[in-house]
Amino acid sequence: MTNKPKWQLSAEQVTPERVFQQRRKIVQALGLSAIGASVPLGVQAGLLDWFGQPEEQLAPRRSLSFEKTLRYGINDELTPEDKIVSHNNFYEFGTDKTDPAKNAQSLITDPWSLTIEGDVANPRVWTVEDILKEFPLEERIYRMRCVEAWSMVIPWLGFSLANLIEKAEPGASAKYVAFETLYDPEQMPGQKSRFVGGGINYPYVEGLRLDEAMHPLTILSLGLYGKTLPPQNGAPIRLVVPWKYGFKSIKSIVKIRITDKMPPTTWNQLASNEYGFYANVNPNVSHPRWSQASERRIGSGGLLSAKRIPTEPFNGYGDQVASLYEGMDLRQWY
Ligand SMILES: Nc1nc2c(c(=O)[nH]1)N[C@H]1C(S)=C(S)[C@@H](COP(=O)(O)O)O[C@H]1N2
Ligand SMILES: [Mo]
């Protein structure tokens, strides 16, 4: 313990080192790099205070290039970027819709690595840099339907997950794909406190059947609106499965595991009578506590005035994906 008065503590002493370094990067991205280079760290911390709470600074995002735009028949109006980046579910950073944008800005997303392992001939630890070199990005304009009955239309930048799985060469017993979000309670307050994190047992985990994971609509996304993902949307890399409820689209992924068994999934573990493994968007199967027949589409108007529209089976992607579930009772396999 120190006997110095609190105001003498430098930011390094009160902030975990890695978080401090990330804040330093933010200051540099704000165009203060000359100051950053020459001024002692304690004074930089003072500068951060002068600009407001460091947590309120937005993490820098860089432009990403992409090959083409694919709309998959969607002509819906895009949800404005400011709504997509400020109304989020990311319980690692708190359960209110505005918590992730407030609390995720200092998440360290560079460097980042993503491991693919399990029943594969070529397990590999990918860096995000290598992923960006290997897989050309496309802009995919998808509907996103949360199980809470709100929805958005989001221009993601990403590539088919199938391309990454193929490189790993799944083995003969491969049937499922398991996904895992970063576990780092120092960076994710919701993982430190069950109260902040909504009672979830972290890390957040998700899963798909192998054929769902290999479907061309299933993407790994690294960006939206032409730039890298903001932390609150799952930077630097997240899953997007547009015909399933939003909770399947797991954020900030560090591990993908190919397996022969249906993997546990976070919301199913929390309330299995409310959230199934499949979680295909289905207006005909109500959530036990509310109807799924319609949704509030978040557009350019105010959040409260968002208009209600009918929900479509498979979120409107039935032509592409319904055949995956032929012969299955979707009331039983919700
Ligand atoms: N790791 C993690 N991934 C997550 C969540 C979460 O709390 N933690 N929330 C899910 C839910 S419920 C939804 S609706 C979407 C929201 O994505 P968005 O904030 O980018 O719109 O992320 C999903 N992925
Ligand atoms: Mo959700």
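Me: UniProt annotations may be inferred rather than shown by experiment. With that caution in mind, which residues does the annotation "binding site" cover here?

Reply: According to the unreviewed UniProt entry, "binding site" covers Asn 88, Tyr 91, Glu 92, Cys 146, Thr 181, Asn 233, Arg 238, Ser 249, Ile 250 and Lys 251. In this model, which is predicted, the lining of the second largest pocket takes in Asn 88, Tyr 91, Glu 92, Cys 146, Thr 181, Asn 233, Arg 238, Ser 249, Ile 250 and Lys 251 from that set.

Me: Why is Glu 92 called buried?

Reply: The relative accessible area of Glu 92 is 2%, and the word buried applies under 20%, so Glu 92 counts as buried. The residue is found in the loop between helix H4 (81-84) and helix H5 (99-103). Leaving aside residues up to four places away in sequence, Glu 92 touches Thr 181, Met 188, Pro 189, Gly 190, Gln 191, Tyr 202 and Tyr 204.

Me: How do you know whether Thr 181 is buried or exposed?

Reply: Thr 181 has a relative accessible area of 1%, to be set against the limit of under 20% for buried, and therefore Thr 181 is buried. Its place is in strand S6 (residues 176-181). Among the residues that Thr 181 touches, apart from those up to four places away in sequence, are Glu 92, Met 188, Ile 250 and Lys 251.

Me: To which sheet does strand S6 belong, and what makes certain strands of that sheet its edge strands?

Reply: Strand S6 is one of five strands that form an open sheet with mixed pairing, in the order S3-S2-S11-S6-S7. The edge strands are S3 (124-127) and S7 (205-209), each of which pairs on one side only. On average, and with direction ignored, neighbouring strands of this sheet are turned by 20 degrees against each other.

Me: How do you know that strands S2 and S11 pair?

Reply: Strand S2 (residues 113-118) and strand S11 (residues 253-259) run parallel and are joined by four bridges; pairing asks for at least two bridges, so these strands count as paired. Thr 115 stands opposite Lys 255 in S11.

Me: What makes Glu 117 and Lys 255 a salt bridge, and which parts of the chain does this pair tie together?

Reply: The side chains of Glu 117 and Lys 255 meet at 3.7 Å, N to O, and the rule asks for within 4 Å, so the pair qualifies as a salt bridge. Because Glu 117 lies in strand S2 and Lys 255 in strand S11, the pair ties together parts that are 138 residues apart in sequence.

Me: Why is Glu 117 called partly exposed?

Reply: Partly exposed lies between under 20% and over 50%, and Glu 117, at 21% relative accessibility, therefore counts as partly exposed. Lys 255, at 28%, is likewise partly exposed.

Me: Where does the salt bridge of Lys 227 lead, and how many salt bridges are counted by this rule?

Reply: The count comes to 21 salt bridges. Lys 227 forms one with Glu 81, where the closest N and O atoms are 3.4 Å apart. Lys 227 in strand S9 (residues 227-228) and Glu 81 in helix H4 are distant parts of the chain, 146 residues apart.

Me: What makes Arg 140 buried although it is charged enough to form a salt bridge with Glu 138?

Reply: The label rests on accessibility: at 3%, under the 20% limit, Arg 140 counts as buried. Glu 138, at 14%, counts as buried too. The closest N and O atoms of this salt bridge are 2.8 Å apart.

Technical notes:
Residues are numbered from 1 along each chain as its sequence is written. Chains are lettered from A and ligands numbered from 1 in the order in which they are written. This is a predicted model: local features need pLDDT of at least 70, side-chain atom pairs count only at pLDDT 80 or more; totals for chains, interfaces and linings use all residues. Side-chain values use heavy atoms; hydrogens and water are left out. Helices (H or I, at least four residues) and strands (E, at least two) are DSSP runs, numbered from the N terminus. Axes are lines fitted to C-alpha atoms, for helices over the stretch in contact, and angles run from 0 to 180 degrees between N-to-C directions. On a 1 Å grid over the protein atoms alone, a cavity is a set of points where a 1.4 Å probe fits but cannot get out, and a pocket is an open set with protein on both sides within 12 Å along at least five of seven lines; lining residues have an atom within 4 Å of a point. Buried means under 20% relative accessible area, exposed over 50%, partly exposed in between (1.4 Å probe, protein chains only). Contact means heavy atoms within 4.5 Å.
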